[in-house]
Each structure stands twice: as structure tokens, then as C-alpha cells.
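Visitor: I should be grateful for a close look at a single part of this protein. Please choose one helix and describe how the sheets beside it are arranged.

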Amino acid sequence: SYHKSPPIWVPLTLGGYYEVSVEKMTVGSSVVGATRQSFGRTIVDSGTTYTYLPTTTYRALKKGVEDYCRSGNKCKGTHSGSCWRIPTKYEGLASFPTISVTISGTAIPWRPEGYLYHKGDGDQFCYGFDDNGPMHETVLGATWMVENDVIFDLGAQKMGVAPANCPQYRERPRGPDGRARVTWQEIQAEIAAGGAGAEAKA
């Protein structure tokens, strides 16, 4: 098994989308969004690349990460806009805070390798969450799922999240039809360029 620990289970509401109830996010000692209303309706969608939050909540989460890093220079990187320069790359990424996402009373960790993605081949890492604009709802997209095995148990109407050692394929093998598949580098390049995959909200 790739799992590092057993799944954490939370209730799942079935409808047009898979819905959960996000109640708050915590960065260090800072609470982001103290009520479910701060997040609006929350859907879980692997077809959406980024994680999207209502404007006020997005700004508070971004500020929470940056305040944590400024306090005692905890994070091994230099902040610029929506990105960080991290000279030691993934080693330095480990110095960033883990965001605790509370769903139906249960805390699920959102690690920096999920909410910060490596942009290009250099030392730049950028936020994998963004402002949902006029939509007062939350979309937990692929960046929230990175390095986790997310299990949708539709019969029991629950969702499990297990931290996992997920393999990172640099080149995909060809399929049975002989056609080449999209590589992870191509997906990252699309995210970095703000392409269609990054903007899609299914």
C-alpha cells in the first residue's frame, strides 16, 4: 500500500457534485473562516486543478501562510506576490506550515507540497489555491488532493483521505492503442501558464 496512515473519514453529500462541509482552516495558531458560511457550499472535484475559495477566505488563508512565515522567519523562502523563491526546493518546502482543514468536525492536513506547486524547473513555488471571484463557494480541487489517496465511498456516503506516497511519473507509458499520454511536466506547464486546466471548474 502507498498509504502512510489509515484514511480519515468525513461525511459526503451526493448530488450534482460531491459535497462536504468545511467549517474552518487553521494555519499555525491562526483560524481562517470560523464558520461554514465563510466557505459557502464546498464541492470536491478532481477535475479542477486549483482549490478555489470565496474572496475573503482566500485572502485570509494567503495572509495566514505569509504571517506564519514572517513570524521568526520560519519558512526557507522569499515571498513575491502569489509565489515563493525556495532555493533548496522541496527541502525548503518542508519548512512551510501544514494547513488544517476541518470538515464536519474532523481535521485533515493540507501539506505545503499540495498548496504550493513547483513552477517550471527553477526554485519558484506558487500557491495552488485562488480567489473564486463572485462565487461564494469552495472547490477542493486537485491541489488539495496531492500526496493523498482520496476515497469516495458512495454507498456509505463518506469520503476518506489517506496521506500517501504517491508515485510521480515523469513519463507515462503508451496506452494499449499506442498513443502517448500526457506527462506530469505537461500538466505542470499548463498550471504555470494558467491554461484551461487551471481555470476549469467542473
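Guide: The account below follows one helix, H1, and then turns to its surroundings.

The model is a predicted one, and its confidence should be stated before any detail. The protein chain has an average pLDDT of 88, and 84% of its residues score at least 70. Residues 196-202 fall below 50 in pLDDT, although this stretch has 20 contacts in the model beyond near neighbours in sequence. Where pLDDT is low, the predicted coordinates should not be read in detail.

As for the setting, the protein chain contains six helices and 17 strands. Its length is 202 residues, of which 41% count as buried. Among contacts in the protein chain with a separation of 6 or more, 63% are between residues 24 or more positions apart. The protein chain exposes about 10400 Å², with carbon and sulfur atoms supplying 51% of that area.

Helix H1 covers residues 55-70. From its first C-alpha to its last, this helix of 16 residues reaches 22 Å, close to the 22 Å expected at 1.5 Å a residue. The buried residues of H1 include Thr57, Tyr58, Leu61 and Lys62; Gly64, Val65, Glu66 and Cys69 are buried in H1 as well. An α-helix has 3.6 residues a turn, so residues three or four places apart point the same way. After H1 comes Gly72, which has a positive phi near 75°.

Two sheets are in contact with H1, and they may be taken in turn.

One is an open sheet of four strands, ordered E5-E4-E10-E11 and paired in the antiparallel sense. Strand E5 (30-32) and strand E11 (106-110) are its edge strands, each pairing on one side only. From one strand to the next, the twist averages 25°. H1 packs on this sheet and touches E4, E5, E10 and E11, its direction making about 25° with that of E4. Within the sheet, five bridges link strand E4 (residues 22-27) to strand E10 (residues 99-103) in an antiparallel pairing. One of the bridge pairs sets Thr26 against Ser100 in E10.

The other is also an open sheet of four strands with antiparallel pairing, and its order is E8-E9-E13-E12. Strand E8 (78-80) and strand E12 (116-119) each have a single partner strand, so one side of each is left without a neighbour in the sheet. The average twist here is 30° from one strand to the next. E8 and strand E9 (residues 83-85) run antiparallel and are joined by three bridges. Trp84 in E9 is the bridge partner of His79. On this sheet, H1 packs against E8, E9 and strand E13 (124-127), touching each of them, and its direction makes about 140° with that of E13.

One residue outside H1 completes the description. Leu93 lies in helix H2 (residues 90-93). Leu93 counts as buried because its relative accessibility is 2%, and the cut-off for buried is under 20%. Apart from its neighbours within four places in sequence, Leu93 is in contact with Ile86, Pro112, Glu113, Leu116 and Phe125. Leu116 belongs to the range of strand E12 (116-119), and Phe125 to that of strand E13 (124-127). The C-alpha atoms of Leu93 and Tyr117 are separated by 9.8 Å, the two residues being 24 residues apart along the chain.

Conventions: Residues are numbered from 1 along each chain as its sequence is written. This is a predicted model: local features need pLDDT of at least 70, side-chain atom pairs count only at pLDDT 80 or more; totals for chains, interfaces and linings use all residues. Side-chain values use heavy atoms; hydrogens and water are left out. Two strands pair if DSSP finds at least two bridges between them. Helices (H or I, at least four residues) and strands (E, at least two) are DSSP runs, numbered from the N terminus. Axes are lines fitted to C-alpha atoms, for helices over the stretch in contact, and angles run from 0 to 180 degrees between N-to-C directions. Contact means heavy atoms within 4.5 Å. pLDDT is the predictor's confidence in each residue, from 0 to 100. Buried means under 20% relative accessible area, exposed over 50%, partly exposed in between (1.4 Å probe, protein chains only). Accessible areas come from the Shrake-Rupley method with a 1.4 Å probe; for residues, only the protein chains shown count as cover. The expected span of a helix is 1.5 Å times one less than its number of residues.
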